[in-house]
Amino acid sequence: MYAQQVETGTKAIKSLAEMGPEERAFQEKIDAEIKIEPKNWMPDNYRKTLIRQISQHAHSEIVGMLPEGNWVTRAPTLKRKLQLMAKIQDEAGHGLYLYSAMETLGADRDEEIEKLHSGRAKYSSIFNYPTLNWADMGAVGWLVDGAAIVNQVPLQRTSYGPYSRAMIRVCKEESFHQRQGYEILLHMMRHGTQAQKDMVQDAINRLWWPSLMMFGPSDAESPNSAQSMAWKIKRHTNDELRQRFIDQTIPQLELLGCTVPDPDLKWNEERGHYDFGEIQWEEFYEVLKGNGPCNRERLETRRNAIQDGAWVREAAVAHANKKQKQQAAA
Ligand code: 3HC
């Protein structure tokens with residue numbers, strides 16, 4: 001789908017000799033691992049790429065609250081309810097850090113959120129899949145947050161300062177998310193009935209491939225990767241991180257006593273990695289086009305939330321304005 005753009009994207013990367021003085025000085029800072037800060041000069045496309053990626057990252061955090069929010073009232077124990085609520089609140093916080101990091105680039109939060117609600121901005125494809133039972137809460141925590149950690153840990157070293165600092169905070173909280181998810185599954189596999197063990201395997205079967213798609217298209221199909229790597233926005237390619245996630249997850253899967261729905265998965269001693277089957281990219285691109293199982297429901301829920309919450313925002317602004325007037329008059 002993106003092959004043409006990949007070629008264009010790769011060709012667009014200039015050598016230092018082809019750059020003007022400002023751009024060369026900028027690239028030399030990047031190459032010297034000096035963080036780019038909001039007030040520094042930066043190429044327009046660097047700014048645009050960061051607004052694109054950070055806004056979509058923030059949207060993913062906010063929309064990512066929905067599949068789990070569905071299960072707060074149906075958590076099996078008070079402890080599980082508290083864990084799930086804490087995780088969902090963390091995700092909201094991650095979204096706010098990321099929208100704030102995005103705003104340091106001059107982007108307008110309301111405009112970017114409007115793009116999400118009108119279907120013009122992306123969020124992670126994984127959140128367009130349904131969560132059908134409690135085992136899904138474990139699989140989402142273990143696989144989805146596990147994949148997010150693999151993707152986000154290198155982003156702690158991204159070249160843009162505010163994004164890098166937001167990621168350091170996010171990653172600390174993600175580790176709890178992944179651990180609590182895995183513990184839910186381990187508990188079900190060790191103490192559950194056969195039906196509950198089957199629920200765990202079914203959740204993994206449904207979420208395994210969509211979790212691999214979270215890392216984005218293959219490198220050959222990724223129009224943004226080459227430039228993002230040159231600017232050290234990305235530290236690893238999509239395929240490298242996908243492979244890293246698989247390599248670290250399979251041993252955990254074996255400890256659960258479960259399998260993945262991939263007959264081609266096997267350890268390759270020579271490569272030092274797991275070989276795995278072909279990802280169904282047409283499914284991935286259909287979800288990106290808005291044709292996933294839950295795309296419409298997710299966007300409608302977000303639009304309703306914004307409308308239902310308007311009175312809270314208006315009251316908060318009115319209160320802040322009143323306080324400001326009182327302070328000015330004092
Ligand atoms: N879902 C939706 N869109 C995706 C996608 C996915 N899983 N993977 C790629 N895309 C989109 C890209 O946004 C791009 O479209 P755009 O140009 O219109 O923005 C297109 O597909 C081509 O992909 P590229 O690989 O060329 O794009 P990137 O270089 O931006 O790489 C990415 C994609 C790896 C997702 C990168 O943007 C990234 O690392 N983003 C930051 C991390 C992030 O957003 N993670 C999402 C999960 S957050 C999360 O899970 C919350 C956790 O708490 C559970």
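Trainee: Where is Phe26 found?

Mentor: Phe26 is found in helix α2, residues 21-31; helices here are DSSP runs of H or I with at least four residues, numbered from the N terminus. Keep in mind that this is a predicted model, with local features needing pLDDT of at least 70, side-chain atom pairs counting only at pLDDT 80 or more, and totals for chains, interfaces and linings using all residues. Residues are numbered from 1 along each chain as its sequence is written, and side-chain values use heavy atoms, leaving out hydrogens and water.

Trainee: Why does Phe26 count as buried?

Mentor: Because its relative accessibility is 3%, and buried means under 20% relative accessible area (1.4 Å probe, protein chains only).

Trainee: What makes the Gln56 pair with the ligand a polar contact?

Mentor: A polar side-chain atom of Gln56 lies 3.0 Å from a ligand oxygen, and the term asks for a pair of N or O atoms within 3.5 Å. Ser125 offers a polar backbone atom 2.8 Å from a ligand nitrogen, while an N or O atom in the side chain of Asn238 is 2.8 Å from a ligand oxygen.

Trainee: Which residues are the closest to the ligand?

Mentor: Glu91, Lys122, Glu174, Lys234 and Asn238, out of 32 that surround the ligand; a residue is near if one of its heavy atoms lies within 4 Å.

Trainee: How do α7 and α8 cross?

Mentor: The axes of α7 (residues 134-152) and α8 (residues 161-191) come within 7 Å and cross at roughly 145°. Those axes are lines fitted to C-alpha atoms over the stretch in contact, with angles from 0 to 180 degrees between N-to-C directions.

Technical notes. Helix = DSSP H or I, 4+ residues; strand = E, 2+ residues; numbered from the N terminus. Polar contact = N/O pair within 3.5 Å; in protein donor to acceptor, adjacent residues only side chain to side chain. Buried < 20%, exposed > 50% of the residue type's maximum accessible area, 1.4 Å probe, protein only.
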